[in-house]
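Colleague: Could you take a close look at the nonpolar core of this one for me? I'd like to hear what builds it and what sits around it.

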Amino acid sequence: AQRVAKMLSSSDLIPKNFQGNIQNTMIALEMANRIGASPLMVMQNLYIVQGKPSWSSTFIVAAINACKKFSPLRYDVKGEGKDLSCACWAYDLDTKDKLEGPRVTMAMAEAEGWLSKQGSKWKTMPDLMIRYRAAAFFGRLYAPDIMMGMHTTDEVEDTQATVVSGY
């Protein structure tokens, strides 16, 4: 595995975070092995945001769709503008049950401060962002083995650190 990591880390086809970094490349190989994904796919979709590893939203959708546990993800979109909401759903291929993730709403986006962040894509691309967030919520509930406890880059960027006194 170390030889493979060394070979990959010497390639200029992998993202800069992994080039010349055998340790990070080895971690990416382990993550790819654990979820049954291509190491290159993992490296191309794993980002460090505010010191935390996080997945691209498109990777979450692709990984859930490729895991063969669920039918392809679908989106139940309702309303528009401030009333826009979305829930991501799929069928469990073993039980045939319809699994639905939590509904994401524009009111939630506003209350959580996702809309007011500097450079927020929620202002310019709400239809896409609401689907990405709904897919991440679905993954957190029904595919934690794929999410590996990590959030999407969008979620990490939207999260504001708070200091809790007394700790």
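**The core and its surroundings**

Modeller: Sure. The largest nonpolar core has 42 residues, and the ones with the most contacts inside it are W55, I64, L73, W122 and F138. Several elements feed it: helix 1, helix 2, helix 3 (39-45), helix 4, strand 4, helix 5 (106-111), helix 7 (126-142) and helix 8 (144-147) each put in at least two residues. Helix 7 gives the most, with seven residues. Bear in mind that this is a predicted model.

For the wider setting, the chain has nine helices and six strands, and 40% of its 167 residues count as buried. The C-alpha trace spans about 50 × 45 × 35 Å along its principal axes. Taking the contacts with a sequence separation of 6 or more, 45% are between residues 24 or more positions apart.

Now F138, one of the residues with the most contacts inside the core. Leaving out residues up to four places away in sequence, F138 touches I64, F70, L73, C88, W89, A90, L99, E100, G101 and A143. Two of the names on that contact list, I64 and L73, also belong to the group with the most contacts inside the core.

I64 leads us to helix 4 (57-66). Buried residues in helix 4 are S57, F59, I60, V61, A63 and I64. Helix 4 is followed by K68, which has a positive phi, near 65 degrees, although K68 is not a glycine. K68 belongs to the loop that links helix 4 with strand 3 (74-78). With a relative accessible area of 70%, K68 is exposed.

C88 is another F138 contact, and it raises the cysteine question. The disulfide count comes to zero. C86 is in no disulfide, and the nearest cysteine sulfur to its own, that of C88, is 6.5 Å away. Why no bond from C88? Because the closest cysteine sulfur, in C86, is 6.5 Å from its own, too far for a bond, given that a disulfide needs the two sulfurs within 2.5 Å. Both cysteines are out of reach of solvent by the numbers: C86 is buried at a relative accessible area of 0%, and C88 is buried at 0% as well.

W89 and A90 are also on the F138 list, and they turn up again in the contacts of K98. K98 sits in strand 5 and touches W89, A90 and Y91, not counting residues up to four places away in sequence. Its relative accessible area is 46%, so K98 is partly exposed. K98 and P72 are 26 residues apart in sequence, and their C-alpha atoms are 12 Å apart in space. K96 lies in the loop between strand 4 (85-91) and strand 5 (98-100). K96 has a positive phi too, about 70 degrees, again without being a glycine. K96 counts as exposed, at 59% relative accessibility.

On to two more of the core's contributors, helix 1 and helix 2. Two packed helices are described by the angle between their axes and the distance between the axes. Helix 1 (residues 2-9) and helix 2 (residues 22-35) pack at about 115 degrees, with axes 8 Å apart, and their crossing is right-handed. Helix 1 brings Q2, V4, A5, K6, L8 and S9 to the contact, where they meet I22, T25, M26 and L29 of helix 2. By class, that contact has six nonpolar, three polar and one charged residues.

S9 deserves a word of its own. S9 lies in helix 1 and is buried, with a relative accessible area of 7%. Not counting residues up to four places away in sequence, S9 touches I14, F18, Q19, G20, N21, I22 and T25. Of these, I22 and T25 are among the helix 2 residues in the helix 1 contact. S9 and G20 are eleven residues apart along the chain, and their C-alpha atoms are separated by 4.9 Å.

Technical notes
Residues are numbered from 1 along each chain as its sequence is written. This is a predicted model: local features need pLDDT of at least 70, side-chain atom pairs count only at pLDDT 80 or more; totals for chains, interfaces and linings use all residues. Side-chain values use heavy atoms; hydrogens and water are left out. Helices (H or I, at least four residues) and strands (E, at least two) are DSSP runs, numbered from the N terminus. Buried means under 20% relative accessible area, exposed over 50%, partly exposed in between (1.4 Å probe, protein chains only). Axes are lines fitted to C-alpha atoms, for helices over the stretch in contact, and angles run from 0 to 180 degrees between N-to-C directions. A crossing is left-handed if the near helix is turned anticlockwise from the far one by less than a right angle, and right-handed if clockwise. Contact means heavy atoms within 4.5 Å. Ala, Val, Leu, Ile, Met, Phe, Trp, Tyr, Cys and Pro count as nonpolar, Asp, Glu, Lys and Arg as charged, and the others, Gly among them, as polar. A nonpolar core is a set of buried Ala, Val, Leu, Ile, Met, Phe, Trp, Tyr and Cys residues joined through side-chain atoms within 4.5 Å.
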